[in-house]
Each structure stands twice: as structure tokens, then as C-alpha cells.
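Here is a quick tour of one protein model, with a look at its charges, its buried parts and a few contacts across the chain. Have the viewer open while you read.

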Amino acid sequence: MLLNLLEYHWVEDIDDALLLLARTDTKTVPLAGGTYLLGLEDDTIQAVVDLRDLELVYITEDAKAIHIGAMTTLQTMGDSPLLKELTTGIVARASLASSFSRQIRNSATLGGTLATGAASQADLLTALAVMDAEVVLRSGSKSQVNLSGGTADRPGLALPGVTFKGKQERRVSCSSVAMERKPNELIIEVIIPRLAYGCAASFMRVGRTPTDVALINAAALVEVDGGVYQQVRLALGGVNMEPVRIEAVEKQLEGRPAATSGNPKSALDTQQIVAAIQAGMANFSPPEDFRASGAYRRVSGMNLAFRVLEEAATISRWRNMVSSKGRQ
């Protein structure tokens, strides 16, 4: 409960929200779905800014990317036909897996989930990590412009130190937004780059029960074209754990043949995947808590890594084979 809350602001313009969040005399935080914030025991929060009317609920596409507004709920993302088709639907499936309560999914937002980070216990964070998704952050700013320039021969206009209000936007990786976002910055949208049709993704999780939070989860994105691993991305996450990209495994596989022989149509070389995981995850040390030990998470994580890589590679090979036949 926010016991010391003094102000509640319902804004209809992003600039108004940024102005309130930039205050230094009153600790002000954004209110999105409220599923995490309203249960937070933080007596220092004095004001909230309700973001519901900022028109940040949307899922759109252009030639290069999918754009998802920060106030879009997890349920909306899970139901979106566009996200269900995007790279074998990994983002939609992970959105639904992030909470097995439909009531929470109808309230929890994409922006709130990203801002909360590992504390949100959302499987969506791991899926976004392998998709190389970026977050657009906006902040209000004041800029100083010195117009007193010039020389003795060509004097300038004497208006030094002019101040004007401006906006600043920057993009950061979804994996690092919880750490990099500043208190006066507002999450506007998430941008997921479009990938080739032949790319395939896989997502799996392990929990104590089917409806429990994930003790460990794994997501992979693979493109196998011409019998060679063109792209490999692997991430692991879970409850109270920031998603981790396992780049060592990715480097072990990228550029190598995926099949057991020189023929691209022969069986997938699963031993190669096992060897890459064993070498690339040698230093993987997940945290431990009352739910599971670090050793259990490590072994389960390696098993999940194999399964998601195998599934994604198999689907990618099939897609590219079908696509190549269609072009013949």
C-alpha cells in the first residue's frame, strides 16, 4: 500500500506526464496497470500519474518492425493476430504465460512489466530478449542554447543562455531497460524488428505447477538457411532473475552446418547443439531461493536450452525448405 500518497494525477497528454515525473520535490511515479505498484510497500512515493488516457494502447506494423504501445495489456498481446504470426508466435505465447490469471493479464501492461523488471516475474522479458526488442524512452528536458556567437568582424545576435523546453527520446534494449531507465523517463513503446520468414522461435518454461511462476524459462530464435546456422539467439530467465543472453552458445553455432552431413536435408545434428551448450553454459550460475536451488536451475536451464534450440532449428529448416521449393 502507498500509505503516504498525497497526489493522484490523471493526465491526457504525454508532456503533462513528463512534467510531473520530472519534479524533484515530490517523488512521483507512473501508474500503468497497477498490478505491481499498488502492492508495493514504499512509503516514499508521494504522487502517481495515471497513464490510461495517453493513447499508448496499440499494436501496429510497418515494413521494418512491430510497434507495441506501453499501455497495451498482456492479454491484448496474447490475443493479437499480428503477434501470433510474428516468428512462430513467441511474444504472444510468452505474454499469456507471464501470468495464469486472466484478470492480472487484463490489467498488467507491457510498459509496467518492463519497468518492474525481474520483480514482475514475467516470462515475456525472456522472449523479448531473443527478439532484440528495443524500448523507446521519452523525457522532458530543458536545453541551453547560446546565441551570443560571432566574432569582432561578424558579430552575432546577443541572446546568450536562451532556455527552451524540449523532448528527448532514446532507445535501449528491453533486457536493460529496468536498470537504465531514469525516474523522469516514460516508456512509450516497444519496437520488435521484423525477421526473415525462415526465422523460427521457441519458448519453454519449468514451474512447480502448470500455473506457477517459472523457476527457469528459455527462449531461442534460430535461422537455418542453406543448411547453415545463419542466426542463433538464446536467452534464459525466470522468477527473480533478469533474462540472460547466452552469447557463448550463439557463437558456437552461428556459421556452422546444422545437419549431420554435408546434405542440408539430412538429420539435424543434435550432438552439435549439446556440445555448444556444454561449452557455452559452463559459467551459467542462476540464483537460488526457497523455490529451487541454483544447481537445479542450472541443469534445468541447460535442458531447456537444448529443447528450444532444437525446436527452433527444426522449424526454421522446414520453413526454408518449403520456401525454396515454392521458388523453384
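D123 counts as buried, at 1% relative accessibility; buried here means under 20% relative accessible area, exposed means over 50%, and partly exposed lies in between (1.4 Å probe, protein chains only). This is a predicted model, where local features need pLDDT of at least 70 and side-chain atom pairs count only at pLDDT 80 or more, while totals for chains, interfaces and linings use all residues. Residues are numbered from 1 along each chain as its sequence is written, and side-chain values use heavy atoms, with hydrogens and water left out.

Back to D123: its salt-bridge partner is R205, with the closest N and O atoms 3.2 Å apart. D123 sits in the loop between helix 6 (110-116) and helix 7 (124-130) and R205 in strand 9 (residues 200-207), so this pair ties together parts that are 82 residues apart in sequence. A salt bridge is taken as a side-chain nitrogen of Lys or Arg within 4 Å of a carboxyl oxygen of Asp or Glu, and helices (H or I, at least four residues) and strands (E, at least two) are DSSP runs, numbered from the N terminus.

How many salt bridges does the count come to by this rule? It comes to 15. Three of the pairs look like this:

| Pair | Closest N to O |
|---|---|
| D123 and R205 | 3.2 Å |
| R138 and E169 | 2.6 Å |
| D289 and R297 | 3.2 Å |

Take R138 and E169, joined by a salt bridge. This pair links distant parts of the chain, with R138 in strand 6 (residues 134-147) and E169 in strand 7 (residues 159-173), 31 residues apart. R138 is buried, at a relative accessible area of 16%, whereas E169 is partly exposed at 48%.

As for D289 and R297, their side chains meet in a salt bridge too. D289 is partly exposed, with a relative accessible area of 25%, and R297 is buried at 1%. There's also a network: D132, R233, R245 and E250 are joined into one by salt bridges that share partners.

Now for charges without a salt bridge. E12, D13, D16, D53 and E55 form a negative surface patch. Patch residues have over 30% relative accessible area and no salt bridge, with like charges joined within 9 Å and nonpolar side chains (Val, Leu, Ile, Met, Phe, Trp, Tyr) within 5 Å. Look for D53 in the loop between strand 3 (47-50) and strand 4 (59-61); D53 is partly exposed, with a relative accessible area of 34%.

On to the buried elements. Strand 8 (residues 186-193) has 7 of its 8 residues buried, so this strand is largely enclosed by the rest of the structure. Strand 8 pairs with strand 5 (residues 65-69) in the antiparallel sense over 5 bridges, pairing being called if DSSP finds at least two bridges between two strands. One of the bridge partnerships joins A65 to P193 in strand 8. Helix 4 (residues 90-97) is also largely enclosed by the rest of the structure, because 6 of its 8 residues are buried. Those are I90, V91, A92, A94, S95 and A97.

Two loops finish the tour. A196 lies in the loop between strand 8 and strand 9 and is partly exposed at 41% relative accessibility. The C-alpha atoms of A196 and E223 are 8.2 Å apart, with their positions 27 residues apart along the chain. A259, in the loop between helix 9 (247-253) and helix 10 (270-280), is buried at 9% relative accessibility. A259 and D269 are 5.0 Å apart, C-alpha to C-alpha, and 10 residues apart in sequence.

Terms used. Areas by Shrake-Rupley, 256 points an atom, 1.4 Å probe, with all protein chains shown as cover. Lys, Arg positive; Asp, Glu negative; His and termini not counted. Charge placed at Lys NZ, Arg CZ, Asp CG, Glu CD.
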